[in-house]
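Here are some friendly notes to read alongside the model. Please keep the picture open as you go through them.

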Amino acid sequence: MRKYLVIMFLVVVLSFSAFAAEKYDSELVVGTDQNPTTMDPAMYQDLASSQVMRNVFETLVAYTADVKEIEPVIAESWTVSDDLTVWTFKLRENVFFQKGKFQDGRNVTAEDVKYSFEREMEISPMVRIYMIDTIEVVDTYTVKITLQYPYAPFLTVLTDIGAAIVPKEEVEGWGDDFVLHPIGSGPYVLKEWVKDDHMSFERYEEYWGEKPYVKNLTYKFIPDKAVLTLALLSGQVDISSDILDQDIPKVTADPNVEAVMVGGNNIYAAYMNATKGPTTDPKLREAIFKAIDVTQIAKVIFPNESGVPAYGPIPPGSWAYNPDVQDFYTPYDPEGAKQILKDAGYSNGLKLKMYTSDDPNRRKMAIVMQSMLKQVGIDLEVISLEWGSFIEVSGNGEADIYAIGWTWYPDPEFFMYYMFHSSTAGTYGNGGRYNNPEVDKYIELGESSADQDERIMYYRKAEELVMKDRFFFPGYHKLVVMGVSDKVKGFTVSSDMTIRVFAPGTNVYVE
Amino acid sequence: MRKFIVRRLLQIIPTLFFVLLTVFFLMKLIPGDPAAVLLGPGARAQDIERFRAELGLDQPVFTQFALYLKRVFTGNFGKSLIYRQDVISLIVERLPTTLLLSVSALFIASIIGIPAGILAATKHDSFVDFSITILSLVGISVPIFWFGMILIIVFALQLGWLPAVGIGNISNGLWDVVKHIILPSTALGIQSMGIITRFTRSSMLEVLRQDYVRTAMAKGLKKRLVLYNHALRNALVPIVTVIGLQLGTLLAGAVLTETVFALPGLGKLMIDAILRRDFLLVQGEVLVIAFIYILVNFIVDTLYAFLNPKIRVAYGGSQ
């Protein structure tokens, strides 16, 4: 009897350890429709590049996979002055760079933070840490960063891969070729990059932190989303970055894959011109709000419910999302709209021009708006342009209305400041040239307050004012829909659309 | 013959200059400031301004053109704005894929198109002729995008015989590349196949009606011999021209095919470059593609001269 017990025990132990070993041999293929263009953190401009760079490079702090908490990575802890301008980071002493041609895997120190941030500020075409004033090395593992003004979302900015810590020897040793030989402190090394085709990473066995389960990680670039879904269904990829609404039934019908949806950090809306043309008339804007049934927009674009109607600019994926946002919303009332138009002297009809990019969803939104406005006597001309031409028109203040799409971090600052603060007037985010000093004030209070609850209150107040001014007609929030094979375990779909294979609290493996 | 070749080669230079001039000013004419497009929606105005200056976009257009021309003459096509790498190295990386795709498509189109055309011509007005004509018409009309998708669904998803996307890796053996290229080159070649079939058919029909073919037949020569030695050789002259011209069409069609099948080729690179206003990359790429196209035309013309002695004589050749 005892003999059997021993054997059984051994069988259990052995199979368990065999399983554990297998877990560490995981191979994962991620399919994305976007194609990375660079592996140099200071040079990146797109999500596709930042996503793959996260395997090689690390930041002081990083988001968890659900994009809710910011966790320490290279930094161990930090303190911030009461006025939110001086941020002092204590680095972990056991973080090492990967071994490269020009250094042999040395410690990451405060000097590296200073070097990396100054490099980003000097050469990046789009500086993300522009609010930094000075960086001071206090000791080997302590760095003090002083900002030009109080900035509460500074930690969020530091999660951006543009703020990754890079080794000076490698950057300067490789020069322009650093993009092809990226070296950071991350858990993976770049093995092969066939541009426009695939990129493969291999686990760095001497990584300083927890060991990732996935040994070989490949990204396959498939530009057409419908084909990307076919690649998921045929088993060529294990995770697909985006599934079109119309392909969702195809994916749910397959027992081996799942379409996972989470609320996204995005807003798609119609922004009206605040300085020029008919939309400067508040009566007309009120009529437009009343004439459009926003629930119809989401229904038309997302028959499979991968999008929801929007009632305000702050998306449900943000921690500042207001569940009572509908309280300030001007509800659908076509008869009321007709009455207002009549009283305001628009009974002879009115022509408006709306510009949209060639994104099919935004075009559908514009067309639904067109048909509803027609019923109250407003003739909306919809002009669809290719992206480059579209952002020129949207920023130059010529459009009566333009279809804006905005997506960023869950911190409300990245929605409210960039779309509604008067200093951004004339950019794509605030192409309506909206300017309300009171809104500016609340946004600035939100930027400079340390208390999260207080910040929520300020941004919600700003949102309420924006909705009462009615220049910004919210259309829909798109859900993030990813296809995941059931072999993939421990994966969380992120609301910022980044695929995180290894992140604080996340270590994906394949069965 | 030499005079003919030299003359044709000299024509390449002004043609390329004109291509460069056109594409340079076209890129200036399309709306969308490259700096703003490249930096994306969240860019601050001062970053866009700085980037514009860095790219030299704040200078007068003619200065920009002169500077660009000077650089091109020294073999420097500049650095891509999206990839921050040399334009030439980006093109060279992707050239093999596009060439492989176009040439395989042309190969598939020719080995099926020419025999089918001959068959249709010899069985003139029969059921076979009728079916081939209809099928080739379908081939010409079918959109690459749709046909590519159908091929993926049938052969990759349902039958599971071939991979859906990607180019494969030569280090995994030749078969890996071949199996990846079959579907895309079929999708891309179907249109050319239809055109080549129809062209071969009508060209053969015309030749078969000629007196010398009838004489050959009357002499009692075998039909096969007449067909291949007398008729086909003459019918081939216009067919070679069409095949040469098809390569240009195929290079253009490669854009769509590369998108559907996720192939890392020039077409995909070009689309990305145009959409993101990477003007140096667009200019460099157009120049390279134009050069290939001109080169192919040159080869076709030379081949043509070989196949048809009359042309050599017209150019005062050595015969």
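The points below go from confidence to the contact between chains, then to a sheet, a residue and a helix pair.

1. **How to read it.** This is a predicted model, in which local features need pLDDT of at least 70 and side-chain atom pairs count only at pLDDT 80 or more, while totals for chains, interfaces and linings use all residues. Residues are numbered from 1 along each chain as its sequence is written, and chains are lettered from A and ligands numbered from 1 in the order in which they are written.

2. **Confidence.** The model has an ipTM of 0.74 and a pTM of 0.83. For chain B, the average pLDDT (the predictor's confidence in each residue, from 0 to 100) is 84, and 96% of the residues score at least 70.

3. **Where the chains meet.** Chain A brings 37 residues to the contact and chain B brings 39 residues; two residues are in contact if their C-beta atoms, placed from the backbone, lie within 7 Å. On the chain A side, β10 (214-221), α6 (225-233) and α12 (387-395) each supply at least two residues. Helices (H or I, at least four residues) and strands (E, at least two) are DSSP runs, numbered from the N terminus. That side of chain A has 20 nonpolar, ten polar and seven charged residues. Here Ala, Val, Leu, Ile, Met, Phe, Trp, Tyr, Cys and Pro count as nonpolar, Asp, Glu, Lys and Arg as charged, and the others, Gly among them, as polar.

4. **A sheet in chain A.** Look for four strands in an open, antiparallel sheet, ordered β4-β5-β7-β6 (chain A); strands pair if DSSP finds at least two bridges between them. Why do β4 (75-80) and β6 (132-139) of chain A each have one side without a neighbour in the sheet? Both stand at the edges with a single partner strand, so one side of each stays free of a neighbour in the sheet. Five bridges join β4(A) to β5 (residues 86-91) of chain A, and Ala75(A) has Leu91(A) as its bridge partner.

5. **One residue in chain B.** Thr15(B) sits in helix α1 (residues 2-29) of chain B. Is Thr15(B) buried or exposed? Thr15(B) is partly exposed, because 14 other C-beta atoms lie within 10 Å; 20 or more would make a residue buried and 12 or fewer exposed, with C-beta atoms placed from the backbone. The C-alpha atoms of Thr15(B) and Ala290(B) are 8.8 Å apart, although 275 residues separate them along the chain.

6. **A helix pair.** In chain B, α5(B) meets α10(B) through residues including Leu101(B) on α5(B) and Leu247(B) on α10(B). This contact has twelve nonpolar, six polar and no charged residues.
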